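This briefing is meant to be read with the sequence and the coordinates at hand. The notes are grouped by topic and can be checked one by one against the model.

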Amino acid sequence: MDTETASRPARNGHHAYGDPFAAPPRDRTQARATRADGADGDRDAENRRSAPSTLERLVGAIARGARGRVPAADLDERDPDFIRETLPGQWLLASLWFRGEVRGLGNVPEDGPVLLVGNHSGGNVPADSLVFTLAFSTYFGVERRFHQLAHNLVLSFPGLGFLRKYGLVAASPENAAEALRCGAAVLVYPGGDHEVHRPSWQAHTVNFAGRRGFVRLALEHDVPIVPVVAIGGQETALFLGRGEGVARLLMLDRLFRLKVLPLSIAVPWGLNVGDFLGHVPLPAKITVEVLPAIALREQFGPDPDVDEVYDHVITTMQETLDALASERRLPIIG
Amino acid sequence: MRVGAAIDVAAPPELVWEFVTDPARYLHFMNGITRWEVTTEQDRGLGARYRTLMRVGSAEVGGLVEIVECDALRDLAWTSVTGIDQRGRWRLRERANGARTRVELRLQYGVAGSGIIGWLAEQVAAPAVRENLRRSLQELRRQAEHEQARAAAAARRAAARA
């Protein structure tokens, strides 16, 4: 990624590094200099700026190409008629295959902007999203604006363009802010690829990888946070590991904003590296519980501490996930 | 897809009519209904609107409905304004010189434009919806007959006192 593109958001409002809701680094050299110590870091950064290697130029070119495939966020691409017409198919899948159950939708404010914060499971075929978005659409009606923030790779993957009609936009502060300004309900999974590919033995752990951007977003727009806790998604395959080291080695982060190269055993591939083509999810029972809305300034004072709010959200969600886990007798069956 | 259920209630049509026109009672006798909220100033009769939801499978399905036919003591019909396409109808018919009532509940639902998948979903959902209607009518009968029995007992007590 070159200095110029790093210093401004991409046309889809996406940043290449870290928490999608965090402020982007000022530029690559500054970001590196921050990590380095003092003058040595500055000198080091200066040297790099003056002589980008061939590999770096190649990586930059591929990254620009990949970002170019991410469509510009256009909230108007959401199509309520399309959503309504596809509800029966979603309902069949959610009811028969995943035996989905969503509780507490009455906790979502009836109207106005709201930030729905969920834990995410199931690799690149997250069944919990399907079950929840279906339930939300039937409960509030497809007329209510509802946007989901998704990873770049989802939006740029060939054949998945139709997902934009459901309201999917690239996860970025700009897109989330625009959706909230429109009065939409916005669903965000702060854990993203880090959480969705966690090993199966960590299935009952909420893991946002310390990403606090959603708290800042809610504070900035003064919207309530509604935690959405789901269980069962991580039982749709046997997830073995994230492969973060391999992803770093292959520079997937810089190329595709992908910090993982997960390894799983999944239908129909058997050993599944990367999960790029998805998999056939096992018919695990998905249960989703929507928790009461958290009005940040009412609950934490006029100037809430981001860390305190983050800890509260994580703790609340983890307690609920533990309770949901205790209800399950057997994996997959539920 | 159209599903329906019918039942005989040992109560006059006036009492059953009170049940089916009062939105506050729906959550108490309608099986599977999780929401039946009045959204207009008038709470019953022609033009009244309700926000309704029925749990079917993994979702609560419904939408905004409006009363489009109100023939007192006989017919009450509604149709959807938003949400899934639906038409519903209560048919009340007097039996045994007004001592009993034949109650029929019909529900027609679907999603226009959803094609063969929509047809399949309607078929799969039908048994659950039909069961909801059947249980609703059973509960309606239980409550209506209970109320009828209480009214009759009160009348007997009043007559005895007199």
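What follows is a short overview, and then bullet points on sheets, helices, cores, the chain contact and backbone geometry.

The model is a predicted one. Chain A has a secondary structure of 14 helices and 10 strands, and buried residues account for 45% of its 334 residues. Among the contacts in chain A with a separation of 6 or more, 75% join residues that are 24 or more positions apart.

**The seven-stranded sheet of chain A**

- Chain A holds an open sheet of 7 strands, arranged in the order β1-β10-β6-β2-β5-β3-β4 and with mixed pairing.
- The edges of this sheet are β1 (101-103) and β4 (168-170) of chain A, each of which pairs on one side only, and the twist from one strand to the next averages 25 degrees.
- At the β1 edge, β1(A) pairs with β10 (residues 287-290) of chain A in the parallel sense, over 3 bridges, and within this pairing A:Glu101 stands opposite A:Thr287 of β10(A).
- Helix α6 (residues 127-140) of chain A lies across β1, β2 (114-118), β3 (146-150), β6 (225-231) and β10 of chain A, and its direction is at about 165 degrees to that of β3(A).
- Helix α10 (residues 213-221) of chain A also packs on the sheet, where it touches β2, β5 (185-188) and β6 of chain A and makes an angle of about 165 degrees with the direction of β2(A).

**The three-stranded sheet and its hairpin**

- A further open sheet of chain A has 3 strands in the order β7-β8-β9, with antiparallel pairing.
- Its edge strands are β7 (238-241) and β9 of chain A, each pairing on one side only, while neighbouring strands are turned against each other by 25 degrees on average, direction ignored.
- Strands β8 (residues 263-266) and β9 (residues 270-273) of chain A pair in the antiparallel sense over 4 bridges, and the two form a hairpin with 3 residues between them.
- Within the hairpin, A:Ala266 stands opposite A:Gly270 of β9(A), and A:Ser264 has A:Asn272 of β9(A) as its bridge partner.

**Helix packing in chain A**

- The axes of helix α8 (residues 173-181) of chain A and of α10(A) come within 11 Å and cross at roughly 35 degrees, in a right-handed crossing.
- On the α8(A) side the residues that meet α10(A) are A:Pro173, A:Ala176, A:Ala177 and A:Leu180, and their counterparts in α10(A) are A:Gly213, A:Leu217 and A:His221.
- Sorted by class, this helix contact comprises 5 nonpolar, 2 polar and no charged residues.

**Nonpolar cores**

- The largest nonpolar core has 94 residues, and those with the most contacts inside it are A:Leu115, A:Leu116, A:Val131, A:Ala135, A:Val186, A:Val188 and A:Val228.
- Helix α6(A) supplies the largest share of this core, with 9 residues.
- When its neighbours within four places in sequence are left aside, A:Leu116 is in contact with A:Ala185, A:Val186, A:Leu187, A:Val226 and A:Val228.
- A second, separate core of 7 residues includes A:Ala247, A:Leu252, A:Phe256 and A:Val260.

**Contact between the chains**

- The contact takes 19 residues from chain A and 17 residues from chain B.
- On the side of chain B that touches chain A, the elements giving two or more residues are β4 (59-71) and α3 (115-161) of chain B, and α3(B) gives the most, with 5 residues.
- By class, that side of chain B consists of 8 nonpolar, 8 polar and 1 charged residues.

**Backbone geometry in loops**

- Most residues other than glycine have a negative phi, and most peptide bonds are trans.
- The peptide bond from A:Val267 to A:Pro268 is cis, with omega near 0 degrees, and A:Pro268 has its place in the loop between β8 and β9 of chain A.
- A:Met251, although not a glycine, has a positive phi of about 60 degrees and lies in the loop between α11 (244-249) and α12 (252-256) of chain A; A:Met251 counts as partly exposed because it has 16 C-beta neighbours inside 10 Å.
- B:Asn97 is likewise not a glycine and has a positive phi of about 55 degrees; B:Asn97 is found in the loop between β6 (85-95) and β7 (100-110) of chain B, and B:Asn97 counts as exposed because it has 7 C-beta neighbours inside 10 Å.

Notes. Residues are numbered from 1 along each chain as its sequence is written. Chains are lettered from A and ligands numbered from 1 in the order in which they are written. This is a predicted model: local features need pLDDT of at least 70, side-chain atom pairs count only at pLDDT 80 or more; totals for chains, interfaces and linings use all residues. Two strands pair if DSSP finds at least two bridges between them. Axes are lines fitted to C-alpha atoms, for helices over the stretch in contact, and angles run from 0 to 180 degrees between N-to-C directions. Two residues are in contact if their C-beta atoms, placed from the backbone, lie within 7 Å. Ala, Val, Leu, Ile, Met, Phe, Trp, Tyr, Cys and Pro count as nonpolar, Asp, Glu, Lys and Arg as charged, and the others, Gly among them, as polar. A crossing is left-handed if the near helix is turned anticlockwise from the far one by less than a right angle, and right-handed if clockwise. A nonpolar core is a set of buried Ala, Val, Leu, Ile, Met, Phe, Trp, Tyr and Cys residues joined through C-beta atoms within 7 Å. A residue is buried if 20 or more other C-beta atoms lie within 10 Å of its own, exposed if 12 or fewer, and partly exposed in between; C-beta atoms are placed from the backbone.
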